[in-house]
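Colleague: I am new to this one. Please take me through a single part of it closely.

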Amino acid sequence: MFSLTRGDGYLLSTDPARLDLDRVHHWLSTEAYWALGRDRETVARAFAGSIPYGVYRPGDGAQVAVARVVTDRATFAWLCDVFVDAGERGNGLGTWLAGAIRDHLDGLGVRRILLATNDAHGVYAKVGFAPVAAERWMELDRRDGAAAPVTPVTPPVGKERTGQSPLTVEA
């Protein structure tokens with residue numbers, strides 16, 4: 001686990017046991033434009049499969065910010081679900097959180113971190129993030145529930161093997 005204390009006492013921790021998932025779910029499902037309506041089960045599963053970063057206020061230890069990172073812990077990471085409680089904004093917590101995450105991942109050897117934002121470009125630019133070369137990236141986005149046209153892969157597993165027996169998977 002990773003932890004870091006800011007000069008004014010705010011604590012950042014990756015300890016999943018410290019996360020206040022009820023608070024995180026409330027923030028994301030009611031205040032975060034990218035996760036409005038997200039159910040608690042989805043929030044719990046998402047954080048369970050990621051590195052969670054919680055920020056805790058000095059004194060009472062209440063959670064005041066959160067982020068999660070989806071990563072292989074070696075080459076690539078996706079920084080997401082970054083949220084700072086409205087009452088704590090303006091104290092530089094978002095920039096501190098993003099920079100601490102960058103540095104933590106750098107220590108793991110991760111050299112590429114991706115994120116998406118509609119409104120916080122300036123926060124992330126302060127710690128080195130820059131716009132991506134859009135022509136290099138592609139996505140499959142099914143969030144709206146519409147099924148994108150997909151060509152089935154035949155055979156479903158592996159490469160086509162002309163003149164050979166079918167591919168099998170052994171347990």
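Which ring does the charged end of Arg-6 sit over? After that, please look closely at strand β4 and what surrounds it.

Modeller: A caution to start: this is a predicted model. The charged end of Arg-6 sits over the ring of Trp-96, 5.6 Å from its centre.

Now β4, residues 63-71. Eight of its nine residues are buried, so the strand is largely enclosed by the rest of the structure.

Take the β3 side. Strand β3 covers residues 51-56 and pairs with β4 in the antiparallel sense, over six bridges. Tyr-56 stands opposite Gln-63 of β4. The ring of Tyr-56 has a further partner: the charged end of Arg-18 sits over that ring, 4.1 Å from its centre. Six residues lie between the strands in the hairpin of β3 and β4. In that hairpin, Gly-59 takes a positive phi near 90 degrees.

Next, the β5 side. β4 and β5 also pair in the antiparallel sense, over six bridges. Here Thr-71 stands opposite Ala-77 in β5. The hairpin of β4 and β5 has four residues between the strands. Arg-73 takes a positive phi near 60 degrees there.

Last comes helix α1, residues 21-31. Val-24, His-25, Trp-27, Leu-28 and Ser-29 are buried in this helix. The buried residues of α1 pack against β4 and β5, and also against α2 (40-48). Why do some of them share a side? An α-helix has 3.6 residues a turn, so residues three or four places apart point the same way.

Notes
Residues numbered from 1 in each chain as written. Predicted model: local features only at pLDDT ≥ 70, side-chain atom pairs only at ≥ 80, totals over all residues. Heavy atoms only, no water. Buried < 20%, exposed > 50% of the residue type's maximum accessible area, 1.4 Å probe, protein only. Helix = DSSP H or I, 4+ residues; strand = E, 2+ residues; numbered from the N terminus. Contact = heavy atoms within 4.5 Å. Pairing = 2+ DSSP bridges. Lys NZ or Arg CZ within 6 Å of the ring centre and 35° of its normal.
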